[in-house]
Structure formats: C-alpha cells, structure tokens
Amino acid sequence: MTARLDVSAEVAEALRKGRPVVALETSIVGQGLPAPHNLHAATGCEAAIRDEGAVPATVAVLEGKVCVGLSPEQLERIARGSIKVSSRDLGPVLAGGRAGATTVAATMRAAAMAGIRFFATGGIGGVHRGHPEDQSADLFELSQTPVAVFCAGPKIILDLPLTLERLESLGVPVLGFGCDDVPAFYTRHSGCRVSARVDGAEQASRTLAAAWDTGSKGVVLCVPPPHELENAELLVEQAIGELTNLAGAEVTPRLLARVAELSGGRSFEINVDLVVNNARVAAQVARAFAEIG
Ligand code: PSU
Ligand code: MN
C-alpha cells in the first residue's frame, strides 16, 4: 500500500477479512450540498451501509494523504471547507497539503488503491447540455477503474443521451437495478434504456463478478430514486438558461444549487434521500458479492 494512502483501522480490518466495504465520495459534502444537508447525507449513508452489515469507507484528501474511512472530525473538516478534487487534482492537492473533497472520479481511484470494489454516490458526472466538449472525468475513470458505482443515474443537468453514448463507447455497462429506464437523478425515468437490467442484490453481484472476470472496469449501477422532484426538467432548463457563463469544475455545483433555490430546497431533500438509498443498495450488493466469494 502506498504511503499516499491512509486506510482507517476499521476499513483495513474489513478488507483483510473479506467483509463487504462501500466507498463514499465527499464532493457531495464539500460542494454538492449545503449544511446541514451535507453531513446528514454523509452520516445517513454511513448508517445505511452499517445497517446492511457492511463497512463505510468515506474518501477525502487530508494532510497530504488519500484517506479511506474518515473519523467524524475528518468529515466535519471537509464540510467546513474543502476544494473539489477530481482525478487530475489528486497530485496537486496531495502535494499542497490541502483539504480535498473527492468527486466520483477521484473516489474511484482511491477505492481501487485501497482494494474496494463498491462505491455509492448521488449521480455521476457526464456530458453537459449544449457543451459536448465538457465531459466529466467520471466517464473516463469508469472506463479505467474496476469499481461499481451505485447512483441514481447521471445528474439531470446533463445531456443524458450523449452521456450514455459516451459510456457505451467506453465499454462501461449501465445496469438498471430493478429498472429498464436510466433514472435521471431527480426522476425515475429519462426515456433512455439501461444496457442490462438486474433484479435484486444476488443477480447484481453475479453480473458484476462476470463483468470483472471478463475485463470490464467501471460499472454504473442505476438505482431509481425513492422520491421524484416535481417539474424537475423545467427547473433544470431554467437554471441552465440563467447560468450561461459557467465553466470548469463549478458548473455542476452551481447548477445543482440553482435548481435547489428554484425548488425551494426540495431538490436537496431528494438528493439526500437518493444518495442514502444508493448506499443501502450498494451495501446489499457488496454483501451478496462477498458471499459468492
Ligand atoms: N452527486 C451529487 N452531488 C454532487 C456530485 C455528485 O449528488 O455534487 C459531484 C460528484 O462528485 C461528481 C461531480 O463526480 O459532482 C461531477 O463533477 P464534474 O461534472 O465537474 O466532473
Ligand atoms: Mn466539466
């Protein structure tokens, strides 16, 4: 294990014993959700994973280390103020000793470094609407790193058909957990089809094992969100229409924040619910996977 990696004692022991472990990202804590939703989401995910008999491994960059498994104090440090760390930012933020909140891409890297195969988040990044040149590093990381990402689909602010085309080109399976339609974060239906459907944790775990045995890397596990945001598409179109001069890493957090304002805060509640639900399903599948050995 590299000196850059700091795996908590609890996570290290679980990995040694072959117990199920589920990684969690912190960009949702540092940038995606405001207080108090951010810590509610993080602690809610950890509790849901423990409820299912698995061990949570929340990821962040702190004091020059990629930390896998955070103490409550470390989590609060990220919530108080941290910069968004995608895969390309890992080196500079580690070397600079800054506090970093990891995106899906950077969290997948960390999970793979630690030997973790399961990871839950809210929604993955993808290709932005009207800006096909703006593609999240999440997509590239999925093509490279053998981790299953449990999410409520790509974030609704994105161009879903283009994001799914990209995932197809990159050879990334997009599995529907009990659904045929790709969910779009705040809604259960996007009108786009998953590449294959799986029903239940056992079938999901067998499908993942078969995909990894034959060289697949990242896999997207789409879990329909427990609640839907009313008029989600209209609110997203309004937010995108208003925020036309955004660029780079701030696009995703700023659009999500504007949708939250437009929905009177409802989208934040839905976001917390869905990420906790994804964590629970990820833990169930991780457990089934550990049982098939
Ligand atoms: N899911 C949420 N809120 C978020 C994100 C996901 O509910 O803020 C973050 C994830 O960490 C994802 C990132 O990887 O947004 C994508 O950002 P970008 O498009 O800049 O790669
Ligand atoms: Mn981008």
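Helix α3 (residues 37-51) gives the largest share of the lining of the largest cavity, four residues. The model is a predicted one, and a search of the whole structure turns up one cavity of 30 Å³ or more. There's about 70 Å³ of space in there. The walls are made by Leu24, Glu25, Ile28, Ala41, Ala42, Cys45, Glu46, Thr58, Ala120, Thr121 and Val275. Sorted by class, that lining has seven nonpolar, two polar and two charged residues.

Now for the open spaces. The largest pocket has a volume of about 880 Å³. It's lined by 40 residues, and the closest to its centre are Lys84, His128, Gly248, Ala249 and Thr252. Two or more lining residues come from each of α2, β9 (131-135), α7 (137-144) and α11, with α11 giving the most, five residues. The class split for this lining is 15 nonpolar, 17 polar and eight charged.

The second largest pocket holds about 150 Å³ of space. Its lining includes Leu15, Arg19, Pro20, Arg117, Phe118 and Phe289. Helix α12 (residues 266-292) brings the largest share here, three residues.

Here are the three linings by class:

| Space | Nonpolar | Polar | Charged |
|---|---|---|---|
| Largest cavity | seven residues | two residues | two residues |
| Largest pocket | 15 residues | 17 residues | eight residues |
| Second largest pocket | eight residues | two residues | two residues |

So where does the ligand go? The space taken by ligand 1 is the largest pocket. Two elements give two or more residues to the shell around the ligand: α2 (27-32) and α11 (251-262). Of the shell, the largest share, three residues, belongs to α2, whereas α11 is the top contributor to the lining of the largest pocket.

The shell around ligand 1 counts 17 residues, the closest being Glu25, Lys84, Val104, Ser136 and Asp138. By class, it's four nonpolar, nine polar and four charged. Glu25 also shows up in the lining of the largest cavity, and Lys84 is among the residues closest to the centre of the largest pocket.

As for polar contacts, a polar side-chain atom of Ser136 sits 2.7 Å from an oxygen atom of ligand 1. In Thr252, a side-chain N or O atom is 3.0 Å from an oxygen atom of the ligand. Gly123 uses its backbone instead: an N or O atom there lies 3.4 Å from a nitrogen atom of ligand 1. On its own, ligand 1 has 480 Å² of accessible area, and the protein covers 95% of that.

Methods: Residues numbered from 1 in each chain as written. Chains lettered and ligands numbered in written order. Predicted model: local features only at pLDDT ≥ 70, side-chain atom pairs only at ≥ 80, totals over all residues. Heavy atoms only, no water. Near = heavy atom within 4 Å. Polar contact = N/O pair within 3.5 Å; in protein donor to acceptor, adjacent residues only side chain to side chain. Areas by Shrake-Rupley, 256 points an atom, 1.4 Å probe, with all protein chains shown as cover. 1 Å grid on protein atoms, 1.4 Å probe; cavity = no way out; pocket = protein on both sides within 12 Å on 5 of 7 lines; lining within 4 Å. Sits in = over half its atoms within 2 Å of the grid points. Nonpolar A, V, L, I, M, F, W, Y, C, P; charged D, E, K, R; others polar. Points joined across faces, edges and corners; volume = space filled by probe spheres on them.
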